[in-house]
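Here's a friendly walk through one protein model, meant for someone seeing it for the first time. Have a look at the sequence and the 3D view, and then we'll go through some contacts.

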Amino acid sequence: MEKVAFNVQEIRKEFPFINRKVNGKKLIYFDNGATSQKPQSVINRLTNFYTNENANIHRGVHTLSQEATSAYEESRINIQQYIGAKHSHEIIFTKGTTDSINIVAFSFGEHLKEGDEVIISAMEHHSNIVPWQMLCERKGCRLRVIPMNQAGELLLDEYSNLLSSKTKLVAVTHISNALGTINDVKTIIEKAHQVGAKVLIDGAQSIQHTKVDVEALDCDFYAFSGHKLFGPTGVGVLYGKEELLNDMPPYQGGGDMISEVSFERTTYNTLPHKFEAGTPHIAGGIGLGEAFHFLNSLDIDQVEAHEKELLDYATMRLKKIEGIKFYGEAKNKTSVISFLVEGTHPYDVGTLLDKMGIAVRTGHHCTQPIMNFYNIPGTIRVSFALYNTKEEIDLLITALDRIIPMLKN
Amino acid sequence: MTIQEKEQDIIDEFSIYDDWMDKYEYIIELGKELPIIAEELKTDNRLIKGCQSRVWLHADLEDGKMVFSADSDAIITKGIIALLIRVLNNEKPEDIAKSDLKFIKEIGLQEHLSPTRSNGLVSMVKKMKMESLKKLS
């Protein structure tokens, strides 16, 4: 597909939210780590599905059902090609990253035995901590944690020391939602494979910012959400290597995931349907395919360069604020700035920024262990997407310059 | 003054501000007048767990009337609590329990009551009423 040269003003025209006003001010949306806004093409795709194409999939002989099935399956192929999976049946539609991780924790987890070990990292989202704790409790396994340094970088030497023949799975985030750190997942995967462990990468914060190729990474599982990469909420993907997925028991029972059912015995459907019980989020899956179509029209390297420019510019401007402290200063980071200003509470800053039409996230960002590591209750997080501009950063600085003295007095 | 009269006073005070900035500056000022809870009373059972800002509340019954003191790590939250305490302090427990605190909405602070703000204000109001009910029993 032909890529258009990246131009932020042109991109913005594709996102109708830019016309939104909040508290009488033009909205500046800096909460992209939580969810992204949607391009018109994705909105149209959803509307068109419900207007003209709505039918259940994989079941009907009638035209509408066949059209819906084709659109849904085409979407799966779009995603497969974009992330470089070998087969389209390695793309499992899920509810989102959390759901994808839980599938692996439950189904792959069935193979684990007492004494086996699962490794996660110090900077995981609660979604990539709790499912593993539940698994460890269920199976009598041990959860180990790769530590990080003050800058928010994982200590890979320590990681090597944690790895052993007991390690069955390593589950690590590609990009930290709270710190912006881009982890060296390639090395993490290689090292795990050397001891025979499998690796799940939490990609919730990745595909919208950087090129992801699951085959080049050689990860065993890759989990992500649609809504953070310009697609609908309620739909996401679990990528898994064919042989692993085949070997795993189903996660949920129901329609679509079966081959034959009798009261004595049920046989399961093949991939990907084995993991897709019940009527899925059809419109969501199709809308997600459209989001990938949008991503595919972009040169992701140029997107990355634009976001890097935003990150560097915002960091440079924020640095001048008296009493500011950044959390997450990894050499290799993207699109996320977490900070606190001495003498102010993040809740107060977030409340007043909202009054000025600027949406940021405040709090612990579902990463309480990171907050405990730094011994802080939370941070103010500014997170960018491809449609953000330097002018918006200027307005953020102006707003902070007005707000901070108000809160400090 | 009744609870309603005190609420009306606050509504009148806020009516002079049409700019949100002035309004918040005033709330921040009010935060400084908050009857601060004694440090040794900042115990876990007096902590109201909001998602983002922490609030401690102490309630006592003196001569049949409730007396509150509180603190928070967020200054806007502190200002709003100061308003609540101004309205509910020195009132009878039964009057507090049945108060509807309409002034919060009237002065345009209803957003702080929405569950997504998670600033503990909702829990705060609930706690003040619960403490009052406890004194009744």
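Which residue forms a salt bridge with A:E110? The partner is A:K139, and the closest N and O atoms of the two are 3.7 Å apart. A salt bridge here is a side-chain nitrogen of Lys or Arg within 4 Å of a carboxyl oxygen of Asp or Glu. This pair links distant parts of the chain: A:E110 sits in the loop between α4 (97-107) and β5 (117-121) of chain A, A:K139 in helix α5 (residues 130-139) of chain A, and 29 residues separate them. Helices (H or I, at least four residues) and strands (E, at least two) are DSSP runs, numbered from the N terminus.

Before going on, a few ground rules. This is a predicted model, where local features need pLDDT of at least 70 and side-chain atom pairs count only at pLDDT 80 or more, while totals for chains, interfaces and linings use all residues. Residues are numbered from 1 along each chain as its sequence is written, chains are lettered from A and ligands numbered from 1 in the order in which they are written, and side-chain values use heavy atoms, with hydrogens and water left out.

**Salt bridges**

Across all chains, a search of the whole structure turns up 30 salt bridges. One of them joins A:R12 and A:E392, with the closest N and O atoms 3.5 Å apart. A:R12 belongs to helix α1 (residues 8-13) of chain A and A:E392 to helix α14 (residues 390-408) of chain A, so the pair ties together parts that are 380 residues apart in sequence.

For a more local pairing, look at A:D312 and A:K308, where the closest N and O atoms are 3.0 Å apart. Both lie in helix α11 (residues 300-319) of chain A, 4 residues apart, or about one turn of the helix. In chain B, salt bridges that share partners join B:E39, B:K42, B:D71 and B:K78 into one network.

How open to the outside are these chain A residues? In the table, buried means under 20% relative accessible area, exposed over 50%, and partly exposed in between (1.4 Å probe, protein chains only).

| Residue | Relative accessible area | Class |
|---|---|---|
| A:R12 | 10% | buried |
| A:E392 | 6% | buried |
| A:E110 | 34% | partly exposed |
| A:K139 | 22% | partly exposed |
| A:D312 | 39% | partly exposed |
| A:K308 | 41% | partly exposed |

**Where the chains meet**

The contact (heavy atoms within 4.5 Å) takes 16 residues from chain A and 18 residues from chain B. About 1,600 Å² is buried between the two chains, with carbon and sulfur atoms giving 60% of that. Buried area is the accessible area (1.4 Å probe) that two parts lose on being put together, summed over both. On the chain A side, A:Y347, A:K355 and A:M406 lose the most area to chain B, together 39% of what that side buries.

How many salt bridges cross the interface of chain A and chain B? The rule finds 1. A:R402 and B:E25 meet through their side chains in a salt bridge, at 3.7 Å from N to O. On the chain A side, α12 (346-355), β16 (361-363) and α14 each supply at least two of the residues that touch chain B. The most come from α12(A), with 6 residues.

**A few single residues**

A:S100 is found in helix α4 of chain A. Is A:S100 buried or exposed? At 0% relative accessibility, A:S100 counts as buried. Leaving out residues up to four places away in sequence, A:S100 touches A:T94, A:A223, A:F224, A:V237 and A:L238.

A:D299 is in the loop between α10 (282-296) and α11 of chain A, and is partly exposed at 24%. With the same neighbours in sequence left out, up to four places away, A:D299 touches A:K3 and A:V4. The side chain of A:D299 also reaches the backbone nitrogen of A:D301 at 3.0 Å.

Finally, the cysteines: the count of disulfides (pairs of cysteine sulfur atoms within 2.5 Å) comes to 0 over all chains. The sulfur of A:C136 is 5.1 Å from the closest cysteine sulfur, in A:C141, which is too far for a bond. A:C136 is buried, at 8% relative accessible area, whereas A:C366 is partly exposed at 26%.

Note on methods:
A polar contact is a pair of N or O atoms within 3.5 Å; within protein, one must be able to donate a hydrogen and the other to accept it, and residues adjacent in sequence count only if both atoms are side-chain atoms.
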